[in-house]
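Trainee: Could you take me through one part of this model in detail? I would like the strands of the second chain, and then how that part sits with the rest.

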Amino acid sequence: MNVSAADWTPAWLWLFVIASGLYHGVNPGMGWPLAVSAGLMDRSPRALVAALGPLAAGHLLAMLLVILPFALLVALVEWQRQIQIGASLLVIGFGIFRLVARGHPRTLARIRPTQLGLWSFAVAIAHGAGLMLVPIYLGLCREADLDKGHEAARALINVNLGMAVLVSIVHATAMIAAGGFLAWLVYRYLGLKFVSRSWFNLDTSWAVSLILVGVIALGFGLAE
Amino acid sequence: MTIRPDPTFHASPKLAMEAPPESFAYTLLLSPDFSKPDALAVIDAKPDSPTFSRVVHTLTMPTKGDEFHHFGWNACSSALSPLAGHAFLERRYLIIPGMRSSRIYIVDTKPDPTKASIHKIIEPEEIFRKTGYSRPHTVHCGPEGIYISTLGGGGKDGTDGPPGVFIMDCETFDVLGRWEIDRGPQKLHYDFWWNLPRDYMVTSEWALPPQFENGIVPEDLLSNKYGHRIHFWDLRARRNVQTIDLGANHQMALEVRPAHDPVREYGFLGVVVDTTNLEGSIWTWWREGGTFHIEKTATIPPEPAPKEQLPPLLQGFGAVPPLVTDIDLSMDDNFLYVACWGTGEMRQYDVSDPRKPKLAGSVHIGGIVRRTPHPNGKAFAGGPQMVEISRDGKRVYWTNSLYSTWDDQFYPSGIPGAEVMANASAGGGLELARDYWVSFPDGYRAHQIRLDGGDCSTDSFCYPSV
């Protein structure tokens, strides 16, 4: 049997959606130590689990907020190439912004410790966590559309919306699974020392990853 | 910015206690007659070092008349909360306010504390212009950056508007502006601290600048015009939520020491003097059902003395008030140290039951009348004042000066700067270390001490010690 490269593309894209979720999840800056703190403050593993809910919800909402507008845009089949290029430039631009604007995020620091959902949402937006998934999402949409051929625009929108929700949910699930698992390990076995031990300054590599994803997507967009 | 969190940041108070002990004690030096610039002394605190308990570096400021008093670090263990968003700051810069000049020095202690140097100077005009406050005092690092309390409002004598807290950026050290959105009835200021996960701040009251800059004003004290209230704030909303009056006779409510373990919703407050009986007192505050409460939990009596042994200010009373001018809580929240600057005593209270402090240890040194010498035989002028505890709770350091003009009223024969250390036993008990005695250059007095790697009045924590 002959497997062409194109058949593998969706699998790689999905793998990226999951891997980026895991990456966000294990990063202390995205919130798992707050779940450990909640568990320890209330001396109850239930409080730890309860804190994971808003952390996941905030992250999911941030994904949806960024990806859904593109779900509507990609229905404009004629403009797909331009949209792909525009999205790539947006991701590159945000990556550069993250590289340059390194100030202390005071607005984030003003969110109350009790508003974990809002904080998780804001921190994901501020880091462009959803933005990085946009080129991936556009790639998945194109694959799905190729399968279906040229259907009516409305059907296409439904397919694309469904894909946006699916991508966001898969990513957020991977994120909270990894973060929650780590929080539990620290709470139950590893101890608080692990909080500082597991923390790496990924600001630069994160900004560079954004630029890279944007550049690759731009390359594909221009090559078509 | 670093790649890993600063090794002196600890998630919980327990981890901070287990970390390596301090190597240096930074101490502020004050020229009481303003004839020389103030300075920062770096003292060797490594017991096995040949220069142990000696000043190994002195950083003299370029300007005279600043009046150094309290200071703090640019970053502490609280950076380990993702909520703060700045996990990769270094504990590196000392923020040193000039309490009289309103100038602030940012001192870089890296790469070598014995070569600490000035990184930046913030001129008074910037603080006046951006905050409307003057006379900066307590420094803490927190979620929004560096928080600095002030004792004065605007205008030449600092009485144009109430004093408060302002925020400074923790990376650029730009003064950003006032912290308060709604100050409620708060009109005086002194110290502040907080419980970060529980999201509240506690502030205390000393006096307005005309009541302290030229010395204590006896008429104001006897008519109970110094501060006697404690304020509780919603930290993120920057709103005063509750003010409690201790009673007007409880004059000068100064140091605020919350429990380090954030799961414990209580703390302590020291009151300098009760004008009805000259007692000093310790108060315990706590939060229950969303409301704050406070009660007097320990008192320290005055000591009768013949008139001729007293300074003019006290001769009418025939007694020495203890003058509780500083308190400090050990990292495990078990021992509260109380400086009795008047009677010349450092008290150690067991506060494991926070509303029932038990006297566990005591050391006499100096004092207005007692004048107890150090066990090494040297005279210790003044009394125990600014106190700092090592993170592991085993060593307690203190200096002897209170404030330039007040020193002269209570100790007219002068207070040559001195710094001593006492060893604390695990179960309670305090004994002065014979081999720790820091003498400073002539003409300088010593004030607050900061230990490298953090100490018991610097670091706040976002995870409990379990």
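Mentor: What follows starts with chain B and its strands, then turns to the contact with chain A and a helix pair there.

Keep in mind that this is a predicted model.

Start with the whole chain. Chain B has five helices and 30 strands. Its radius of gyration is 20 Å, close to the 23 Å that the globule rule gives for 466 residues, so chain B is as compact as a globular protein of that length. Along the principal axes, the C-alpha trace of chain B spans about 60 × 55 × 45 Å. Of the 466 residues, 58% count as buried. Take the contacts in chain B between residues at least 6 apart in sequence: 57% of them join residues at least 24 apart.

Now the sheet. Four strands of chain B form an open sheet in the order β12-β13-β14-β15, and the pairing is antiparallel. Why do two of these strands have a side without a neighbour in the sheet? β12 (192-195) and β15 (239-245) of chain B stand at the edges, and each has a single partner strand, so one side of each is left open in the sheet. From one strand to the next, the twist averages 20°.

Look at one edge. β15(B) pairs with strand β14 (residues 229-234) of chain B over six bridges, in the antiparallel sense. For a register mark, use B:Trp233, which stands opposite B:Asn240 in β15(B). As a general point, side chains in a regular strand alternate between the two faces of the sheet.

Another pair of strands lies elsewhere in the sequence. Strand β1 (residues 24-30) of chain B is joined to β30(B) by five bridges, and the two run antiparallel. Here B:Leu29 stands opposite B:Ala446 in β30(B). How buried is strand β30 (residues 445-451) of chain B? Seven of its seven residues are buried, so β30(B) is largely enclosed by the rest of the structure.

Set a single exposed residue beside that. B:Thr291 is in strand β19 (residues 291-300) of chain B. B:Thr291 has 10 other C-beta atoms within 10 Å, and 12 or fewer counts as exposed. So B:Thr291 is exposed. B:Thr291 and B:His374 are 83 residues apart in sequence, and their C-alpha atoms are 45 Å apart in space.

Next, the partner chain. In the contact between the chains, 26 residues of chain A meet 32 residues of chain B. On the side of chain A that touches chain B, the elements giving two or more residues are α2 (32-41), α5 (106-109) and α9 (193-197) of chain A. The largest share comes from α2(A), with six residues. By class, this side of chain A has 15 nonpolar, seven polar and four charged residues.

Last, a helix pair within chain A. Helix α3 (residues 45-73) and helix α6 (residues 116-127) of chain A pack at an angle of about 35°, and their axes are 7 Å apart. The crossing of α3(A) with α6(A) is right-handed. From α3(A), the residues that meet α6(A) include A:Ala51, A:Pro54, A:Gly58 and A:Leu61. From α6(A), the contact includes A:Leu116, A:Trp119, A:Phe121 and A:Ile125. By class, the contact of α3(A) with α6(A) has twelve nonpolar, four polar and no charged residues.

Terms used: Residues are numbered from 1 along each chain as its sequence is written. Chains are lettered from A and ligands numbered from 1 in the order in which they are written. This is a predicted model: local features need pLDDT of at least 70, side-chain atom pairs count only at pLDDT 80 or more; totals for chains, interfaces and linings use all residues. Two strands pair if DSSP finds at least two bridges between them. Axes are lines fitted to C-alpha atoms, for helices over the stretch in contact, and angles run from 0 to 180 degrees between N-to-C directions. Two residues are in contact if their C-beta atoms, placed from the backbone, lie within 7 Å. Ala, Val, Leu, Ile, Met, Phe, Trp, Tyr, Cys and Pro count as nonpolar, Asp, Glu, Lys and Arg as charged, and the others, Gly among them, as polar. A crossing is left-handed if the near helix is turned anticlockwise from the far one by less than a right angle, and right-handed if clockwise. The radius of gyration is taken over C-alpha atoms; the globule rule is 2.2 Å times the number of residues to the power 0.38. A residue is buried if 20 or more other C-beta atoms lie within 10 Å of its own, exposed if 12 or fewer, and partly exposed in between; C-beta atoms are placed from the backbone.
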